[in-house]
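Welcome! Please open the structure in your viewer and keep the selection tool ready.

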Amino acid sequence: MATLALALLLRDPRHEVDTGPVDVPRASPAEATAVLQHLIMALRSGDQQALGALAPEGDDAAAGLLRGIGRNAAALDLREVTARYVDQAGTVTQDGAWTGVAEVTWQLGTHDAAPSRADVCVAFTPSGDGLAIAGFGGGPADGPGRVPLWLRGALAVVEAPGVLVLADGSRADAAAVAARVETGIRVVRRVLPGWSAPVVVEVPASAADLDETLGATPGTYAGIAAVTTTAGTPEPGAPVHVFVNPEVTAGLRRAGAQVVMSHELVHVATGAAGSPAEPWLLEGFADYVALRDVDLPESTTLGRAIDLARRDGVPRALPAAADFDTRAADLQARYEQAWLACRVVAERLGERGLVEVYDAAAAGTPVGRVLARAGLPLPELTRAWRTRLQDLAG
């Protein structure tokens with residue numbers, strides 16, 4: 001009887017298990033490729049209506065974002081725009097939304113000599129009979145996090161001769177930055193008269209947006225006023241732009257904001273983003289040029305370095321590469337120490353001599369060898385620098 005009951009139970013349809021296929025949402029690389037191609041075609045043709053139609057049905061924010069990107073493409077004379085689907089990032093949600101990685105290329109008109117390239121996370125979601133674009137960024141913590149500024153929505157764009165500023169803010173803000181760039185170009189040319197390259201400056205809306213624009217870990221540039229680096233993945237020949245942190249520069253006086261911009265333009269003019277020179281020379285030289293004609297007392301321009309020397313004593317060596325990490329303690333004091341070292345070089349060898357030392361080190365010759373050849377060996381420079389710093393600290 002027990003055997004019969006068990007057999008009847010097994011045959012009871014209420015206890016049967018359906019082993020058929022389960023409809024689980026999946027990522028579709030083919031659909032992602034198709035919608036990315038539609039995006040590129042709409043950008044190239046300037047069709048803002050077609051761009052808005054790539055957003056999920058009823059998602060006004062996504063539609064506005066995509067139309068704003070179209071306006072950016074026109075204002076920036078965007079060229080060489082491509083988007084190639086690479087891979088899925090993360091899992092597919094129950095409603096079928098997922099994130100994909102696309103290799104994106106772009107070039108800002110004639111201001112960039114070559115295209116930039118970056119892996120960008122794209123938020124895909126089902127809509128109607130296909131796939132739509134809900135936005136950019138927001139990938140997994142260990143995945144691509146870079147979102148080029150022109151993909152963040154409509155920007156304020158201001159141009160001047162040889163200058164392009166794109167800002168996630170008001171046109172007045174962008175114009176103010178452009179004015180600082182024009183002044184900074186004149187400052188740099190007083191020391192480097194042969195420089196004439198175009199300048200592109202990008203201003204995200206916040207420090208967090210700056211991190212995402214550069215694909216950096218959140219908080220990396222929270223305390224940095226500006227940085228000069230490649231607009232996309234670092235590689236030989238990639239366009240180099242100046243990126244401004246508006247949260248820091250907003251707290252600076254006009255003269256301070258100008259010094260920051262002039263400093264960054266020295267980096268642009270000298271190709272510092274890919275230079276093998278020692279960081280103390282790169283940063284100290286940039287400050288030397290930016291502060292060359294600024295009339296401020298040393299208690300102001302070297303105030304943090306003086307305070308650090310009084311607190312911890314005079315350093316035994318010039319600042320090392322680790323001292324210039326964006327999150328390093330006493331970072332501003334290290335910049336001032338580097339500036340003082342370059343001032344000592346200029347006092348001993350003349351301004352032209354400082355430029356020659358900088359150029360030789362930037363070309364790959366170790367700075368110690370360059371200084372020795374110029375008649376100012378590194379140990380002698382270090383002793384003179386330490387003496388100056390000790391005198392200042394009292």
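The tour below goes from a strand and its partners to two pockets. Keep in mind that this is a predicted model.

**Stop 1: strand 2**

Start by selecting residues 98–108, which make up strand 2. Are its residues buried or exposed? Here 11 of the 11 residues are buried, so the strand is mostly covered, with buried meaning under 20% relative accessible area.

Now look at the two faces in turn. On one side you will find Trp98, Gly100, Ala102, Val104, Trp106 and Leu108. Turn to the other side for Thr99, Val101, Glu103, Thr105 and Gln107. Both faces are covered, and the residues on each are all buried.

**Stop 2: the strands that pair with strand 2**

Add residues 78–89, strand 1, to your selection. Strand 1 pairs with strand 2 in the antiparallel sense, over 9 bridges. To find your way, pick Arg79 and look across to strand 2, where Gln107 stands opposite.

Next, select residues 116–127, which form strand 3. Strand 3 and strand 2 run antiparallel too, and 9 bridges join them. A handy landmark is Thr105, whose bridge partner in strand 3 is Arg117.

**Stop 3: the largest pocket**

Leave the strands for a moment and select Val260, His263, Asp287, Gln332 and Tyr335. Among the 37 residues that line the largest pocket, these lie nearest its centre. The space in this pocket comes to about 1,300 Å³.

Which elements give two or more residues to the lining of this largest pocket? They are strand 8 (226–230), helix 8 (254–270), helix 9 (279–291), helix 10 (298–301) and helix 12 (331–362). Colour helix 8 to pick out the element that gives the most to this lining, with 7 residues. If you colour the lining by residue type, you will see 21 nonpolar, 10 polar and 6 charged residues.

**Stop 4: the second largest pocket**

For the last stop, select Thr230, Ala238, Pro239, Val240 and Ala273. Of the 27 residues lining the second largest pocket, these lie nearest its centre. About 430 Å³ of space lies in this pocket.

Show strand 7 (199–203), strand 8, strand 9 (240–244) and helix 8, each of which supplies at least two residues of the lining. Strand 9 gives the most to the lining of the second largest pocket, with 3 residues. By type, the lining of the second largest pocket divides into 15 nonpolar, 9 polar and 3 charged residues.

Notes. Residues are numbered from 1 along each chain as its sequence is written. This is a predicted model: local features need pLDDT of at least 70, side-chain atom pairs count only at pLDDT 80 or more; totals for chains, interfaces and linings use all residues. Side-chain values use heavy atoms; hydrogens and water are left out. Buried means under 20% relative accessible area, exposed over 50%, partly exposed in between (1.4 Å probe, protein chains only). Helices (H or I, at least four residues) and strands (E, at least two) are DSSP runs, numbered from the N terminus. Two strands pair if DSSP finds at least two bridges between them. On a 1 Å grid over the protein atoms alone, a cavity is a set of points where a 1.4 Å probe fits but cannot get out, and a pocket is an open set with protein on both sides within 12 Å along at least five of seven lines; lining residues have an atom within 4 Å of a point. Grid points are joined across faces, edges and corners, and a volume is the space filled by probe spheres set on the points. Ala, Val, Leu, Ile, Met, Phe, Trp, Tyr, Cys and Pro count as nonpolar, Asp, Glu, Lys and Arg as charged, and the others, Gly among them, as polar.
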